[in-house]
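Colleague: Please take a close look at a single position in this model, and then work outward from there to the other parts that deserve attention. A plain, connected account will do.

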Amino acid sequence: MPPSSVPDLSSVARLVQAYSAYSLNGFVPEVILVGGFLIAILLDVFTRRAKSKSISIYFAIVVLAMAGIASAFQWQPFVAGQPWKPGHLIFPYSQTLFIPMVHESVLERGYAMAVVDNFSVFFKLLISVAGIFMLLMSLASQELRERSRRLGEYSSLIIGMCVGLYLMPASLDLTMMYISLELVSIAGYILAGFSRDTEHGAEAALKYIMFGALSSGLMIYGFSLFYGLTGTTNIIAIREVLALNPATHTGANFYILWIATILALVGMGYKISAVPFHFWTPDVYEGAPTPVTAFLSVASKAAGFGLLIRFLIFVFPEGTKTAAPVLDWQTALAIGSIVTMTFGNLAALLQTNVRRILAYSSIAHAGYMMAALVVGKADGTVAIMIYLATYLFMQIGVFYAVMLIANKIGSEEIDDYRGLMTRTPLVSSAMVIFLLSLTGIPLTAGFIGKFYLLAAVLTPDAATHSLPWLWLAVGVIVNSVISLYYYLRVAAAMFLKRPLRDMALERAGQTAPPLPAIQFGVPVSALLLALIVPILVLGVYFQPLVDFASGVVRFFNFDNIRY
Amino acid sequence: MISELPLLTFITFLPVVGIVLTAVVAKDRIPIIRGITLGITLLQLVIAVLIFLNYNGSLAGVNDARSFQFVERLPWIRLSGLGIFGNLAIDYFMGLDGLSVAMVLLSAIIMVVGAVASFSIHRHIKGYFIMYLLLDIGVMGTFCALDFFLFYIFWELMLLPMYFLIGIWGGPRREYAAIKFFLYTLLGSVAMLLVMIGLYFSNQVLLFDGAHHLIMSPLTHKPEVYHTFSMLRMMDPSAMVPGSILSGLGTTWRYIAFFALFFAFAVKIPMVPFHTWLPDAHVEAPTAISVVLAGVLLKMGGYGILRLSLGIFPEIALSLSWYMAMFGFINIVYGALCAMAQSDFKRLIAYSSVSHMGFVLLGIAALNSQGMVGAIMQMFNHGTITAMLFLIVGVLYDRTQTRGVLEFGGLANQMPKYFAITVIAFFAALGLPAMSLFISEALVFIGSFQTWQTWTIVSTLGIILTAAYFLWTLQRMFFGATPEKWNNLPDINGRELASLIPLAVIVFALGIYPAPVIDLLTSSVNALVSIVHAHGPLEHAAAALVR
């Protein structure tokens with residue numbers, strides 16, 4: 001690839017320098033979060049003696065809302081026919097070793113740490129909404145109330161975690177990816193062990209750290225191999241080097257590239273809890289405070305998928321078996337997807353603790369989304385984004401219902417759920433709606449998520465008019481049917497079964513007085529409704545969500561990615 | 001004028017009103033709660049009768065949008081596309097033709113009967129009737145929907161209420177029966193979902209906006225090509241995208257899609273060997289739900305085969321009709337043999353449903369007008385008769401809390417009125433002339449004999465077996481000595497008779513003069529037959545298979 005003309009590097013460097021300061025404009029949401037994080041710590045110091053400790057949570061809600069609004073302003077209208085252009089680069093740089101600077105200026109090519117584009121805006125909004133729901137949930141949490149002295153620490157950590165979550169899907173550089181992922185992980189370790197005085201809490205934190213440390217070590221090793229192969233850490237530059245220089249992916253280097261990719265996927269697989277990097281999931285989900293569990297299972301997973309999409313699609317954009325110039329990551333991912341969803345579902349069948357059931361089911365959901373990731377390109381990406389948006393409501397909703405019940409009956413065992421229908425019809429019915437949505441029954445948002453996911457997986461190959469991933473789609477639907485069984489076990493316990501106490505009393509020949517009804521306040525019911533309404537509305541009218549997600553992906557203009 | 005009203009929306013969504021009313025009524029106002037559901041279902045029946053009176057039997061429908069009646073079509077979701085997804089169009093598209101009008105009428109009748117039978121429910125009454133009305137929406141919507149997406153949503157809408165209706169208000173093994181029903185049907189319907197997505201990708205259409213202009217793409221300024229879920233577009237081979245996955249005729253992909261779609265309906269019918277959920281569901285379900293399940297829900301399988309399997313994949317239905325007839329035969333004889341072996345009265349009736357639904361399969365497999373008219377008539381008649389049978393089981397069970405056939409004897413003296421109505425129902429069910437089932441079974445045999453002689457001849461064995469087990473049951477339960485403990489059984493009461501007698505009237509009326517129902521069906525069935533046979537002479541396909 002002979003350079004046609006050598007650009008004036010010093011002028012590029014000047015431009016980049018000037019842009020670096022300007023680039024902070026695109027960093028407003030993150031700056032709000034960082035500022036909020038610092039203020040939250042101070043606030044904690046000054047309100048040590050205050051009676052109500054919830055003030056820090058309210059503060060965190062405000063910070064997340066502001067950051068979310070600031071991200072919404074970063075939305076860029078889609079211009080027809082334009083190829084993907086990094087909208088607003090953050091911390092651009094010009095140091096790449098092997099790329100001859102021939103085409104355009106460095107700014108147009110996306111050599112930067114992170115980027116503000118509609119894709120990252122979508123994830124920022126998703127994370128903000130999840131965070132706000134999670135904080136509202138925290139207000140009602142018994143576990144947190146018992147440790148209310150440390151609520152300031154709690155809310156500041158969540159704000160800090162959000163900085164990492166915001167940056168994960170926006171990263172364009174391996175180092176940025178690693179830093180943001182670690183930021184999320186470290187905040188996550190502390191949050192998972194928030195109730196460290198309990199046995200489960202301590203176990204959760206320890207497992208999370210052990211597996212986190214291992215997988216991030218493997219990932220950074222993979223990243224270093226990428227750097228060794230291509231001489232750059234920017235994922236766009238990596239793609240260009242791979243395309244321009246066949247030596248980077250032929251011969252022995254081919255295997256090194258495979259190893260590098262798989263190692264990089266380990267770290268991301270850990271975040272989305274894909275098999276076999278899922279071992280932490282059940283224990284952390286069981287031991288962490290319920291709002292944290294909900295947040296980890298939604299926001300952390302969403303950001304993980306954002307990162308994964310960005311990484312795979314930017315580094316290996318072709319996305320079809322025939323055209324893949326470098327390596328066939330799709331088949332590998334498809335196998336991973338099937339294994340993940342099948343393992344998650346089969347393991348969930350064996351659980352007796354509702355939270356553990358949900359932990360394994362969240363592994364299965366990661367498997368479903370990976371199936372769409374296999375397809376890649378526009379269809380798969382849209383499907384994952386729709387799925388994540390619907391998953392947000394149902395997953396947070398189901399954990400909220402679990403938490404409310406645990407607050408009152410002090411248990412998450414499925415046998416203790418018996419007869420809840422008569423005691424708290426509202427929460428029981430809400431739980432059923434969330435569970436059905438997780439199964440993907442029509443008229444719930446979960447169906448729309450699954451519908452688009454299947455449509456993506458079943459997209460016919462344009463060239464051969466065959467369905468390359470039919471087996472994957474069959475895997476998804478068979479797994480959905482399996483998942484119905486354990487979701488319905490929870491519903492059946494609440495609706496169909498009689499409490500064990502009543503049955504025991506009856507055997508002893510006594511009449512059982514009905515168990516006391518469980519009452520909830522208005523705010524609790526309002527939050528439940530706020531989670532149910534989107535599920536039901538999206539189940540019937542999903543046009544806005546799909547339009548939104550398509551708008552994001554149009555922006556990539558997959559058909560037109562340049563070299 | 002009446003036909004211009006959105007009658008199908010009314011009939012489908014009236015239960016929503018009922019659900020809202022039931023939800024606001026206090027828990028202990030039991031008569032009001034019951035009254036709401038009964039009132040709603042009666043209103044639906046009135047609308048169904050209006051539809052019946054205003055239905056023009058000479059219009060065919062099937063794959064021709066203009067000759068559907070009571071059509072309502074509104075754009076529901078329009079997504080401008082990207083990638084290969086393309087532009088997506090989902091319509092709120094309801095309409096009736098000869099394939100569905102009889103089913104809507106049947107559903108309206110059965111839902112009223114079920115509502116009356118539901119009066120014997122005493123636990124969690126409010127929840128029960130809300131679930132019942134939810135089921136009602138699903139039932140009506142499935143028969144009226146002409147958009148596959150809409151059809152699918154209604155189809156799945158029935159699963160949840162059925163699960164709870166069996167699971168909460170059912171018998172001792174209700175949890176097992178409920179989950180089995182749910183899992184089986186869901187497995188069928190997710191297979192249908194895959195086919196639906198495949199068909200979506202394979203058809204294309206240009207759409208018009210409100211001002212009758214073609215919808216243009218803002219990017220290319222060419223007309224936007226949409227993929228739709230309209231069943232009618234899916235039936236039209238020329239609407240298929242050339243080279244798409246389900247285009248062409250008789251391709252492997254179309255065979256695969258046909259099998260997946262047929263599986264969904266075969267579970268519902270239920271076709272042996274996918275029938276095992278049915279006896280469990282029936283035995284555990286409360287009487288009213290058994291009535292609805294056998295009376296209406298099974299018909300959705302037959303209806304789906306006619307509307308979708310035959311309508312969309314006619315050439316494959318044609319080439320596989322030999323097997324369909326074989327499965328019809330197996331259903332008829334295997335169901336009858338199983339029924340004969342039962343000592344549980346309700347399980348016996350459940351297996352008789354399997355046997356009777358076999359005639360539907362056999363009639364459809366005949367692929368001629370007589371056979372298919374017979375199949376639809378069979379669905380209608382089986383709906384009314386099996387409802388009677390389950391009510392009869394319920395009457396006895398309410399009094400004795402047992403269903404063992406062998407535990408009874410001499411009930412004819414004990415409960416003479418009950419005996420009389422049972423005799424009517426039993427004789428109707430074994431196909432006695434002058435009763436409705438005779439007509440439909442005769443039509444099925446006439447039709448299928450022209451096409452599949454062997455299967456028809458062996459299937460007549462089923463008639464004998466059916467007569468055998470019904471008469472044997474009659475003998476075991478109603479004649480002989482009465483066991484001591486049943487000496488004071490009260491006879492059937494007015495409420496129970498009120499739901500049985502109208503059904504008996506229908507059975508006799510259609511047995512003597514079936515023309516009103518047949519007239520509804522004929523032109524649509526003829527259209528469907530010609531669609532199927534447009535893809536090659538049957539003899540040719542049959543001969544190829546026999547070789």
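**From one serine to the interface**

Modeller: S100(B) counts as buried, because its relative accessibility is 0% and the cut-off for that label is under 20%. Everything said here refers to a predicted model. The residue sits in helix α3 of chain B, which runs over residues 98-117. Leaving out residues up to four places away in sequence, S100(B) touches G95(B), F143(B), Y303(B) and R307(B). A further position can be placed by distance: the C-alpha atom of L521(B) is 8.8 Å from that of S100(B), although the two residues are 421 apart along the chain.

A residue of chain A can be described in the same terms. V315(A) belongs to helix α13 of chain A, residues 290-315. V315(A) has a relative accessible area of 3% and is therefore buried. The contacts of V315(A), again without residues up to four places away in sequence, are F226(A), I235(A), I238(A), R239(A), L242(A) and R310(A). The C-alpha atom of A243(A), 72 residues away along the chain, is 9.8 Å from that of V315(A).

Next, the nonpolar interior. In soluble globular proteins, nonpolar side chains tend to be buried together. The largest nonpolar core of this model has 410 residues, and the members that touch the most other members are F311(A), F148(B), F149(B) and L310(B). Helix α16 of chain A, residues 377-409, is the largest contributor to this core, with 22 residues. F149(B) has contacts in both chains: F447(A), I448(A), F451(A) and F542(A) on one side, and W76(B), I90(B), M196(B) and F229(B) on the other, with residues up to four places away in sequence not counted. Another core, of five residues, lies apart from the largest one and includes A89(B), V205(B), L207(B) and Y226(B).

The contacts of F149(B) with chain A lead to the interface. The size of an interface is often given as the accessible area lost when the parts come together. Here chain B and chain A bury about 4200 Å² between them, and 81% of that is on carbon and sulfur atoms. Chain A gives 47 residues to the contact and chain B gives 43 residues. One salt bridge is found across the interface. Its partners are K497(A) and E175(B), with an N to O distance of 3.6 Å. Polar contacts between chain B and chain A come to two residue pairs, both residues being at pLDDT 80 or more. On the side of chain B that touches chain A, at least two residues each come from β1 (69-79), β2 (87-96), α5 (148-157), α6 (159-169) and α7 (174-202) of chain B. Helix α7(B) gives the largest share of that side, 14 residues. By type, the residues of that side are 32 nonpolar, seven polar and four charged.

That leaves the charged pairs. Side chains of opposite charge can pair when their charged atoms come close. Over all chains, 26 salt bridges are counted. In one of them, D197(A) pairs with R147(A), with the closest N and O atoms 2.9 Å apart. These two residues are 50 apart and link distant parts of the chain: D197(A) is in the loop between α8 (174-192) and α9 (199-230) of chain A, and R147(A) is in the loop between α6 (142-145) and α7 (151-167) of chain A. The partners differ in accessibility, since D197(A) is exposed at 55% relative accessible area, whereas R147(A) is buried at 11%.

A second pair in chain A joins R355(A) to E412(A), at 3.1 Å from N to O. R355(A) is in helix α15 (residues 354-375) of chain A and E412(A) is in the loop between α16 and α17 (420-423) of chain A, so the salt bridge ties together parts 57 residues apart in sequence. Here R355(A) is buried, with a relative accessible area of 2%, and E412(A) is buried as well, at 15%.

In chain B, the side chains of D280(B) and K180(B) form a salt bridge of 2.8 Å, N to O. This pair also links distant parts of the chain, 100 residues apart: D280(B) is in helix α10 (residues 277-284) of chain B and K180(B) is in helix α7 of chain B. D280(B) is buried at 7% relative accessible area, and K180(B) is buried at 17%. Finally, E203(A), K207(A), D283(A), E286(A) and R356(A) are joined into one network by salt bridges that share partners.

Note on methods:
Residues are numbered from 1 along each chain as its sequence is written. Chains are lettered from A and ligands numbered from 1 in the order in which they are written. This is a predicted model: local features need pLDDT of at least 70, side-chain atom pairs count only at pLDDT 80 or more; totals for chains, interfaces and linings use all residues. Side-chain values use heavy atoms; hydrogens and water are left out. Contact means heavy atoms within 4.5 Å. Buried area is the accessible area (1.4 Å probe) that two parts lose on being put together, summed over both. A salt bridge is a side-chain nitrogen of Lys or Arg within 4 Å of a carboxyl oxygen of Asp or Glu. A polar contact is a pair of N or O atoms within 3.5 Å; within protein, one must be able to donate a hydrogen and the other to accept it, and residues adjacent in sequence count only if both atoms are side-chain atoms. Helices (H or I, at least four residues) and strands (E, at least two) are DSSP runs, numbered from the N terminus. Ala, Val, Leu, Ile, Met, Phe, Trp, Tyr, Cys and Pro count as nonpolar, Asp, Glu, Lys and Arg as charged, and the others, Gly among them, as polar. A nonpolar core is a set of buried Ala, Val, Leu, Ile, Met, Phe, Trp, Tyr and Cys residues joined through side-chain atoms within 4.5 Å. Buried means under 20% relative accessible area, exposed over 50%, partly exposed in between (1.4 Å probe, protein chains only).
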